[in-house]
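Please take me through this model in the viewer, one selection at a time. Tell me what to pick and what is there.

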Amino acid sequence: MMTELLNYIVWQPDLEAFRLGPIAVRWYGLMWIIGLALAYLVVQRLYKEQKIKDELFDPLFIYCFLGILIGARLGHCIFYEPDYFLTSGKGFVEMFLPIRFLADGGWKVTGYAGLASHGGTLGLMIALWLYVRKTKLSIWTVLDNIAIATGTTACFIRLGNLMNSEIIGKITDVPWAFIFERVDAVPRHPGQLYEAIAYAILFCIMWVLHKKMPEKIGTGWYFGFCLTYIFTFRFFIEYTKEVQEAFEASLPLDMGQILSIPFILLGVWCMVKAKQTNSSHIGNK
């Protein structure tokens, strides 16, 4: 048995990337920061390419950061653990504050231990709607620009999950299986790594396409393609992942798959709408 285990990747990285005096910087938080910073730089460049004023770009990061964080947190609490967070006062407080109440009456800072990508996507969409109301920019232009950059943030968030040994895959004997020592001593699919690679590829595709088809920015096509790509991949990758909550075991599809379907349908609708819009513009010339 030991010889067989040596054929797999043993995974137990330190949760802390580094320390700044008494402050510990964890890999998960660092990956979030890197992902958001890269997306910030990408969208900043896109705005410059499209000659959108700097003052219209400046508030975008705050809207996106708060929308993703609040949406991801509420999404996890409501979709995955409603029995804990919505049935007691303490649970409700923990839904909004990065703490956990202890049995002895005290509490400790834990960070936001539980963020859902579907909730983050929905939160981002609401935040961008508020942003365009303030700036008067086209909602489709903003959504397309954000979509082009999304792969960078999604990739690094999943790398953060990998460093945390969370959202683990099912038991497998593939040669690239990971043994997540914080979880158990059996080889599993590195589902987080699968997603990180897929999202890195998405960004490369989007960057090339926006160079070849800049006229599609503002039609909603890139936004639709991004949603369709991410959540179609997410739907099928769920078959390699363990369920996150016990109640999912009794469902024909797990919660990640159920929540992916509306986003896939929305993405396809946006792409069809964009194609029809483009065709009508050509016909009117």
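Which residues line the second largest cavity? Select Tyr 80, Leu 115, Ala 116, Ser 117, His 118, Arg 158, Ile 167, Arg 234 and Gln 244. Keep in mind during the tour that the model is predicted. The space enclosed by these residues has a volume of about 60 Å³. By class, its lining has 4 nonpolar, 3 polar and 2 charged residues.

**Stop 1: Ile 167**

Stay with one residue of that lining, Ile 167. Ile 167 sits in the loop between α8 and β6 (178–180). Its phi is positive, about 55°, although Ile 167 is not a glycine. Most residues other than glycine have a negative phi. Is Ile 167 buried or exposed? Ile 167 counts as buried, because its relative accessibility is 18% and the cut-off for buried is under 20%.

**Stop 2: Lys 136**

Now go to the loop between α7 and α8, where Lys 136 is found. Lys 136 is not a glycine either, and has a positive phi of about 65°. With 69% relative accessibility, Lys 136 counts as exposed, since exposed means over 50%.

**Stop 3: the largest cavity**

A search of the whole structure finds 3 cavities of 30 Å³ or more. The largest cavity has a volume of about 650 Å³. Of the 38 residues that line this cavity, select the five closest to its centre: Ile 68, Thr 121, Leu 124, Thr 150 and Thr 153. Then color the elements that each give two or more residues to the lining: α2 (27–49), α4 (60–79), α7 (117–135), α8 (139–163), α9 (191–212) and α10 (221–237). Which element gives the most to this lining? That is α8, with 10 residues. The lining of the largest cavity divides into 29 nonpolar, 6 polar and 3 charged residues.

**Stop 4: α4 against α7**

Hide everything but α4 and α7. Two packed helices are described by the angle between their axes and the distance between the axes. Here the axes come within 7 Å and cross at roughly 145°. The crossing of α4 with α7 is right-handed. On the α4 side, select Leu 60, Tyr 63, Cys 64, Gly 67, Ile 68, Gly 71, Ala 72 and Gly 75. On the α7 side, the contact is made by Gly 119, Gly 120, Gly 123, Leu 124, Ala 127, Leu 128, Leu 130, Tyr 131 and Lys 134. By class, this contact has 10 nonpolar, 6 polar and 1 charged residues.

**Stop 5: the second largest pocket**

Keep both helices in view. The second largest pocket holds about 220 Å³ of space. Its lining has 16 residues, and the closest to its centre are Gly 67, Ile 70, Gly 71, Gly 123 and Ile 126. Both α4 and α7 supply at least two residues of this lining, and the largest share, 10 residues, comes from α4. The lining of this pocket has 11 nonpolar and 5 polar residues, with no charged residues.

**Stop 6: Trp 11**

Finish at strand β1 (residues 9–11), which holds Trp 11. Which residues does Trp 11 touch, not counting those up to four places away in sequence? Select Leu 162, Met 163, Ser 165, Phe 178, Ile 179, Phe 180 and Glu 181. Add Pro 187 as the last selection: Trp 11 and Pro 187 are 176 residues apart in sequence, yet 10.0 Å apart in space, C-alpha to C-alpha.

Definitions and conventions. Residues numbered from 1 in each chain as written. Predicted model: local features only at pLDDT ≥ 70, side-chain atom pairs only at ≥ 80, totals over all residues. Heavy atoms only, no water. 1 Å grid on protein atoms, 1.4 Å probe; cavity = no way out; pocket = protein on both sides within 12 Å on 5 of 7 lines; lining within 4 Å. Points joined across faces, edges and corners; volume = space filled by probe spheres on them. Helix = DSSP H or I, 4+ residues; strand = E, 2+ residues; numbered from the N terminus. Nonpolar A, V, L, I, M, F, W, Y, C, P; charged D, E, K, R; others polar. Contact = heavy atoms within 4.5 Å. Axes fitted to C-alpha atoms, helices over the stretch in contact; angles between N-to-C directions. Left-handed = near helix turned anticlockwise from the far one by under 90°. Buried < 20%, exposed > 50% of the residue type's maximum accessible area, 1.4 Å probe, protein only.
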